[in-house]
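Q: Please take a close look at the pockets of this model. Which parts of the chain line them, and what surrounds the ligand?

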Amino acid sequence: MITLYVAGEGFGLPEYSPYAMKTEIQLQLADLAYEKRPGRREDSPKGQIPWIVDGGRTIADTTFIRAYLEETYGVDLDAGLTPGQRAQAWAMERMAENQLGWVGAHFRFLKPDNFARGPAHWFDEAPEPMRESLRAGLVEAVGANVRAVGIGRHSDEEIAWLAERSLKAIVATLGDKPFLYGDRPVGSEAVVFSILATTLNPFFDCPVRRAAEGMPTLMAYIERMMARFYPEHMALAA
Ligand SMILES: N[C@@H](CCC(=O)N[C@@H](CS)C(=O)NCC(=O)O)C(=O)O
């Protein structure tokens with residue numbers, strides 16, 4: 001059986017790592033049995049969560065995990081899509097990971113109230129004399145990444161404006177379909193949903209969430225995907 005190493009639930013989400021959610025959804029779409037175990041990024045071959053172990057093989061990074069699953073188990077998670085849709089799906093996936101994901105990190109980690117409400121608690125069990133410097137170290141590391149990808153160089157208003165353009169692109173792609181490309185979800189939207197659920201998480205205060213609340217198509221899509229892949233979480237939240 002495949003073992004999926006994850007960060008675990010948190011901040012009102014079934015998995016607080018969007019990448020862990022992405023792979024978990026893709027495992028479900030591939031109809032593969034798996035078990036989840038808590039993992040520490042220090043133990044991951046690429047230093048990040050998630051990773052999988054399948055028999056004797058260890059694969060890290062969600063895009064490579066998906067490629068491995070498709071090749072090894074003979075599944076195509078984007079089956080039914082035209083070449084043009086596949087290309088668009090890939091671009092949409094990159095937009096979610098390489099732009100919206102960083103927007104989410106900016107507001108979650110770099111706004112002191114959000115950080116205190118959420119990620120700061122990861123260090124609650126650390127020895128008291130180290131606790132604050134561990135928290136400061138995390139903020140500094142995330143800040144450096146967010147700046148390196150460019151997002152961190154803009155004002156909050158500009159960041160929200162950029163993110164809103166991406167949300168509108170997702171809404172336009174959805175149109176009146178239940179899922180991005182039709183009546184059933186495909187592999188590439190696992191990450192679009194996961195990044196949306198994390199970036200727009202109402203647990204945190206974020207202008208992008210407020211903008212999204214004015215987009216009923218988008219909010220309904222997030223709920224539909226959550227109900228489909230995390231029904232127990234939805235039942236608990238109800
Ligand atoms: N490109 C990676 C991204 C994974 C990722 O960013 N994971 C985060 C958790 S959501 C992580 O482990 N961050 C810790 C770090 O980068 O040091 C993938 O697709 O798996």
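A: In the lining of the second largest pocket, H9 gives the most, with four residues. Helices (H or I, at least four residues) are DSSP runs numbered from the N terminus. The model is predicted: local features need pLDDT of at least 70 and side-chain atom pairs count only at pLDDT 80 or more, while totals for chains, interfaces and linings use all residues. Numbering runs from 1 along each chain as its sequence is written, and side-chain values use heavy atoms, without hydrogens and water.

A pocket is defined on a 1 Å grid over the protein atoms alone, as an open set of points where a 1.4 Å probe fits, with protein on both sides within 12 Å along at least five of seven lines; lining residues have an atom within 4 Å of a point. The second largest pocket holds about 330 Å³ of space, the volume being that filled by probe spheres set on grid points joined across faces, edges and corners. It is lined by 15 residues, of which Pro202, Arg209, Ile222, Glu223 and Met226 are the closest to its centre. Two or more lining residues come from each of H7, helix H9 (216-229) and helix H10 (231-237). By class, this lining has ten nonpolar, three polar and two charged residues; Ala, Val, Leu, Ile, Met, Phe, Trp, Tyr, Cys and Pro count as nonpolar, Asp, Glu, Lys and Arg as charged, and the others, Gly among them, as polar.

The largest pocket contains about 1,400 Å³ of space. Its lining has 36 residues, and Arg41, Gln48, Ile49, Phe109 and Trp122 are the closest to its centre. H3 (83-110) is among the helices that supply at least two of these residues, as is H7 (189-199), and H3 gives the most, with seven. The lining divides into 17 nonpolar, twelve polar and seven charged residues.

The ligand occupies this largest pocket, a placement that requires more than half of its atoms to lie within 2 Å of the grid points. Around the ligand are Ser17, Pro18, Tyr19, Arg41, Gly47, Gln48, Ile49, Asp61 and Thr62, each with a heavy atom within 4 Å of it. Polar contacts here are pairs of N or O atoms within 3.5 Å. One nitrogen–backbone pair joins the ligand and Ile49 at 2.8 Å; a ligand nitrogen lies 2.9 Å from a side-chain N or O atom of Asp61, and a ligand oxygen lies 2.5 Å from one of Thr62. Taken alone, the ligand exposes 510 Å², of which the protein buries 69% (Shrake-Rupley method, 1.4 Å probe).

Conventions
Polar contact = N/O pair within 3.5 Å; in protein donor to acceptor, adjacent residues only side chain to side chain.
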